[in-house]
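Trainee: I'm new to this structure and I'd like to know what stands behind the labels people put on it. Can we go through them one by one?

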Amino acid sequence: MDLLNTLVDKGLRRDLPTRQEALAVLATSDDELLDVVAAAGKVRRQWFGRRVKLNYLVNLKSGLCPEDCSYCSQRLGSKAEILKYTWLKPDDASKAAAAGVAGGAKRVCLVASGRGPTDKDVDRVSETISAIKEQNEGVEVCACLGLLSDGQAGRLRAAGADAYNHNLNTSEATYGDICTTHDFSDRVSTVQQAQAAGMSACSGLIAGMGESDADLVDVVFALRELDPDSVPVNFLIPFEGTPLAKEWNLTPQRALRILAMVRFVCPDIEVRLAGGREVHLRSLQPLALHLVNSIFLGDYLTSEGQAGKDDLAMIADAGFEVEGTDTTTLPEHRRPGCGAAAADEADDADGDAGELAATVAAPSDDTRRDLVSVRRRGAGTDLPPNA
């Protein structure tokens, strides 16, 4: 396909595809799927070889969030029967993190529900970061605490936070459809504050919420404009008790096309396969490793993932290797002090995104409730974590 040859050439040069080209990836057929994966795989291997970075989530505070994000099991008014608990003590959080590090995780992601941290919360998380780094040499720590206030990003950086995660989730045009308690610009501002404080920016999306192809392309291009170092791609987990419980819009094939599109738009950025991969990719998960260079190990915030040992076996069986702490994830040109790597988008190559935008099919009644497992182990429980 001329399209794929063009996208590979652009990816190897770090040139940004047009929106038309990104939409065309999403519009490819199932018959073309392996060709799409192979093409995007060439770009992935150019910048990241066959390495897979492992990340581990620690949910510091679960449930009871005042925000109304429709996709979230921890949202205001959620009836999802998830674990609910207040802040973990630093030692307990550090023990949970150690399980992930022992399983091969290079980065620990500290997440807390809520609109954003108070100054006291920042102090508490700073203690947790110190405890984790003292006990786990070489580990990266990423904080994900919601919207940041003035000065908080700098305090987290001074405490040792290497990165800050705050996802854009969906396009600016449709953001109001999934959340009314804050807006798209609030999220952009928080990512920019993290970057200004010297933290590595981590920002991604959630696919499968009923968005159009154009929405997916718009949010990925918005992310590329922010130029984060890592882009997590989540697939909606339709929790019972949330407004999006009936949104079962994804097939394994569509999930792979979305990941390929993200890789073409973000060729030299860490693309992370995140929440929902087991639910939507299912037996095609190994193919996704040809597109992404980073995954979460074990469980997520409020849902369970596959066993950590199965993640490691999948990586090995697919011919990939776990990235060690002695390896830098990003290509040399993207490392601190090497300057920005993003290429300018051609002004005249945009085209009319609407012409190729295809909305997803209406949700089917044939939902797979058996695929969603609420987390009952690890942080906030007396049971050992999955790592």
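Mentor: Sure. Let's start with Arg282, which lies in the loop between α11 (277-280) and α12 (285-288). Keep in mind that this is a predicted model.

Trainee: Why is Arg282 called partly exposed?

Mentor: Its relative accessible area is 32%. Buried would mean under 20% and exposed over 50%, so a value in between is called partly exposed.

Trainee: And what makes the phi of Arg282 worth a remark?

Mentor: Arg282 has a positive phi of about 50 degrees although it is not a glycine. Most residues other than glycine have a negative phi.

Trainee: Which other residue has a positive phi without being a glycine, with a value near 60 degrees?

Mentor: That's Asp227, with phi near 60 degrees. You'll find Asp227 in the loop between α9 and β7 (230-235).

Trainee: Is Asp227 buried or exposed, and how do you know?

Mentor: Asp227 has 19% relative accessibility, so it counts as buried. The cut-off is under 20%.

Trainee: Let's turn to the helices. How do you know that the length of α4 is as expected?

Mentor: Helix α4 covers residues 90-102, which is 13 residues. At 1.5 Å a residue the span should be 18 Å, and the end C-alpha atoms are 18 Å apart, so the two agree.

Trainee: What makes one side of α4 the buried face?

Mentor: Look at which residues are buried: Pro90, Ala93, Ser94, Ala96, Ala97 and Gly100. Seen down the axis of α4, they fall within an arc of 160 degrees, so they line one face of the helix. On the other side of α4, Lys95 and Ala102 are exposed.

Trainee: What covers the buried residues of α4?

Mentor: The cover includes β1 (51-61), β2 (107-112) and α5 (119-135). After α4 comes Gly104, with a positive phi near 115 degrees.

Trainee: α5 came up there. Why is Lys120 called exposed?

Mentor: Lys120 sits in helix α5. Its relative accessibility is 59%, so Lys120 counts as exposed, the cut-off being over 50%.

Trainee: How does the span of α8 compare with what is expected?

Mentor: α8 (residues 184-196) has 13 residues and reaches 19 Å from its first C-alpha to its last, close to the 18 Å expected.

Trainee: Which residues of α8 are buried, and how do you know that they line one face?

Mentor: The buried ones are Phe184, Arg187, Val188, Thr190, Val191 and Ala194. Down the axis of α8 they stay within an arc of 160 degrees, so they line one face of the helix. They pack against α6 (152-158), β4 (163-165), α7 (175-178), β5 (200-202) and α9 (213-226). Just after α8, Gly198 takes a positive phi of about 95 degrees.

Trainee: What makes Met199 a buried residue?

Mentor: Met199 has 5% relative accessibility, so it counts as buried, the cut-off being under 20%. Met199 is found in the loop between α8 and β5. Leaving aside neighbours within four places in sequence, Met199 is in contact with several residues, including Ala153, Leu156, Tyr164 and Ala194.

Trainee: How do you know how many disulfides there are?

Mentor: A search of the whole structure finds 0 disulfides. For Cys72, the nearest cysteine sulfur, that of Cys65, is 6.3 Å away. For Cys144, the nearest is that of Cys142, 6.8 Å away. A disulfide needs two sulfur atoms within 2.5 Å, so neither pair counts.

Trainee: And is Cys144 buried or exposed?

Mentor: Cys144 is buried, because its relative accessible area is 16% and the cut-off is under 20%.

Trainee: One last topic: empty space. How many cavities of 30 Å³ or more are there?

Mentor: The structure holds 2 of them. The largest has a volume of about 890 Å³. It is lined by 42 residues, and the closest to its centre are Tyr71, Cys72, Val111, Asn167 and Leu301.

Trainee: Which strands each supply at least two residues of that lining?

Mentor: β2, β3 (140-144) and β7 each do so for the largest cavity.

How values were computed:
Residues are numbered from 1 along each chain as its sequence is written. This is a predicted model: local features need pLDDT of at least 70, side-chain atom pairs count only at pLDDT 80 or more; totals for chains, interfaces and linings use all residues. Side-chain values use heavy atoms; hydrogens and water are left out. Buried means under 20% relative accessible area, exposed over 50%, partly exposed in between (1.4 Å probe, protein chains only). Helices (H or I, at least four residues) and strands (E, at least two) are DSSP runs, numbered from the N terminus. The expected span of a helix is 1.5 Å times one less than its number of residues. The arc is that of the directions from the helix axis to the C-beta atoms. Contact means heavy atoms within 4.5 Å. On a 1 Å grid over the protein atoms alone, a cavity is a set of points where a 1.4 Å probe fits but cannot get out, and a pocket is an open set with protein on both sides within 12 Å along at least five of seven lines; lining residues have an atom within 4 Å of a point. Grid points are joined across faces, edges and corners, and a volume is the space filled by probe spheres set on the points.
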